[in-house]
Amino acid sequence: MKRYLDRLRPLFAKGGRYEKYYPIFEMVDVFLYSTPETTHNAPHVRDGIDLKRLMMYVVVALTPCILWSWFNTGYQANLALATMGMAKADWRYDLLAALQIGFDAGSILDNTVHGFLYFLPIYLTTLVVGGVWEVVFSTVRRKEINEGFLVTSMLFTLTLPPDMPLWMVAVGISFGVVLGKEIFGGTGKNFLNPALTARAFLFFAYPAEMSGDRVWVAVDGYSGATALSLGKVGGVEGITSGGITWWNAFIGLMPGSMGETSTLACLLGAAFLIYTRVGSWRIILGVFLGMVRASLLFNVVGSDNPMVAMPWYWHLVLGGFAFGMTFMATDPVSAAMTSAGRWVFGILIGAMTVLIRVANPAFPEGVMLTILFANVFAPLIDYAVIQLNIRRRLRRHVRLNQIPLYPLRRVSASRTLLVTFVVCLVCSVVVAGAAVLLRPIQESNQKADLIRNVIAVSGLLKEGLTEQQALQRIDARMVELATGDETQGIDPDTFNIAKAGKDPVISTALTRQDDVAQIRREPRYLPVYRIVGDNGDLKKLILPVYGYGLWSTMYGFLALEEDLRTVQGLQFYQHAETPGLGGEIDNPKWRAQWRGKVVFDDKWRVQVEVTKVEIDYSTPEAQYQVDALAGATITSRGVENLLKFWLSDKGYGPYLARLRRERS
């Protein structure tokens, strides 16, 4: 084969018949054999290692993470299937059945093969789509195709959830390769890590598929919170209450991105990179020290925020910190290149990661953003270090040769280094300060928006009342769901339904049979809004309801008329359903169908139905039925299920029964 490729080489060389396809020929040739080209000029050649071998070292370092991604992805999926008492019916199920491999979470083989079947399609999509872009740009530029994308494709795959839609994978890697690398000149000329650039694009473009509790376990309808999201709500206690110990987090037995959960696998890879000198130990140690110092500082300061008290050894094993520290931060192209600059680069990443995790409520994770932020400042850090070294050497030359110092002021690097730290510090303070200082305003706006939705669904504005007049007729109260009794001591205006549903202290776990709305945990208390008349008598009742649709948890209000059976209105104020399909639950025409519908029969049994079958309005059942959304079957079913859950005895049933008894 080698002789055959050597005979073909003149056809693809300069002046040959297929000269413009030389990058493709060169890619195949150097993939199979060492490149015949050598560098003859000084001073940069220090070793016989080439880029291919360098990249292969990184692939070897990634092997523990790759193998663990197969096992843990399958383990989490099989565990969820066992919990839900069902088997996932798709091509993977058929293939596993043909191979006589089951879904036993206690079997290493079952878990590994099952997880591999999720890893492989994502990786092949990444490799093919990203590889095509690499070939296109290399062919146009008539440059060789570098092996750097082999590592980028693996890194990108390992940072994704296991059930990521393949078309989104293709879009993400296209963005990372084209806009994150190729437009800057290709391998070696990009200033951002391409894999992180691709993941950041997906995170902000498709947040429903890259965040939340539904994306980390490859089973439809299963909700599994990551350890970091549990810590954001309840700190270390919240994590351990979710059944995750520090040792499990260190090993990686928890939901998360496919290759980022195991700190142990990442540290094995770090040891190999340091041993082969492919990865910078200064950056790795700098990231670790920056994280430790920042977390210890927050521990000393203290706060009501549960993340402030998070110990450094928990930060190490949560989220993608270890993966980012080992493989993303050490990218030799986008990281700092000077020895001193690598310390600054690493410490900046570690400290800002903790800062974002603790102080920014919008992002439970901070590794991805901080590495990209540090990538932007890496050239400035290196410039400052170089100028500082020049300044120091010139000072020494001045002392030896008695040269005046004033000409050297123009090359001073101390100001540059100072500006770098000041800019980083100011940006960090602005991000954290904005999150903290604006939080009361955000909460006030959220409260005002909530009340506006209550007023809108009540129909009071259609009766000619102003918002202020309508507000005076709303009486908010807290209700204990299990008993139906109204309770004191909890402010309904500040009660956060989403947080309450995740807090193990004030919520209870639901069984699979009871969890019709797929919310996993039910708060013990919820607010209700009574619309009262001039005499204080109940005219309408507004109930907060929520449940899972296709992509997200849908939060809304159900308004009932005075008879507590007839719907005044149904309105959702927060969701991430598909625009144009499931998002049509916000369509006024669809919401208008609910007015006048009946949710209980004469025996107070829940009868509401969202149907795709044409409604026959001549039948008694028509009063309970609403047309489903076209093309959004799962979202429509989610609306029906959440209403059935909250109107049942598991929801507001006891409270509604108490109201009926009081009237009788």
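## Exercises on a predicted model

A nonpolar surface patch of about 810 Å² is formed by Met1, Leu11, Tyr18, Tyr21, Ile24, Met27, Val28, Phe31 and Leu32. Patch residues have over 30% relative accessible area and no salt bridge, and nonpolar side chains (Val, Leu, Ile, Met, Phe, Trp, Tyr) are joined within 5 Å. Areas come from the Shrake-Rupley method with a 1.4 Å probe.

This is a predicted model: local features need pLDDT of at least 70, and side-chain atom pairs count only at pLDDT 80 or more. Residues are numbered from 1 along each chain, and side-chain values use heavy atoms.

**Exercise 1.** Find which helix gives the most to the nonpolar patch.

*Solution.*
- Helices are DSSP runs (H or I) of at least four residues, numbered from the N terminus.
- Helix H2 (residues 22-32) gives the most, with 5 residues.
- Leucine 11 lies in helix H1 (residues 2-12).
- Leucine 11 is partly exposed, at 31% relative accessible area; buried means under 20%, exposed over 50%, and partly exposed in between (1.4 Å probe, protein chains only).

**Exercise 2.** Place the salt bridge between glutamate 134 and lysine 181.

*Solution.*
- A salt bridge puts a side-chain nitrogen of Lys or Arg within 4 Å of a carboxyl oxygen of Asp or Glu.
- Here the N to O distance is 2.4 Å.
- Glutamate 134 sits in helix H5 (residues 108-141), and lysine 181 in the loop between helix H7 (166-179) and helix H8 (194-205), so the pair ties together parts that are 47 residues apart in sequence.
- Both glutamate 134 and lysine 181 are buried.

Conventions. Patch = residues over 30% accessible without salt bridge, like charges linked within 9 Å, V, L, I, M, F, W, Y side chains within 5 Å. Helix = DSSP H or I, 4+ residues; strand = E, 2+ residues; numbered from the N terminus.
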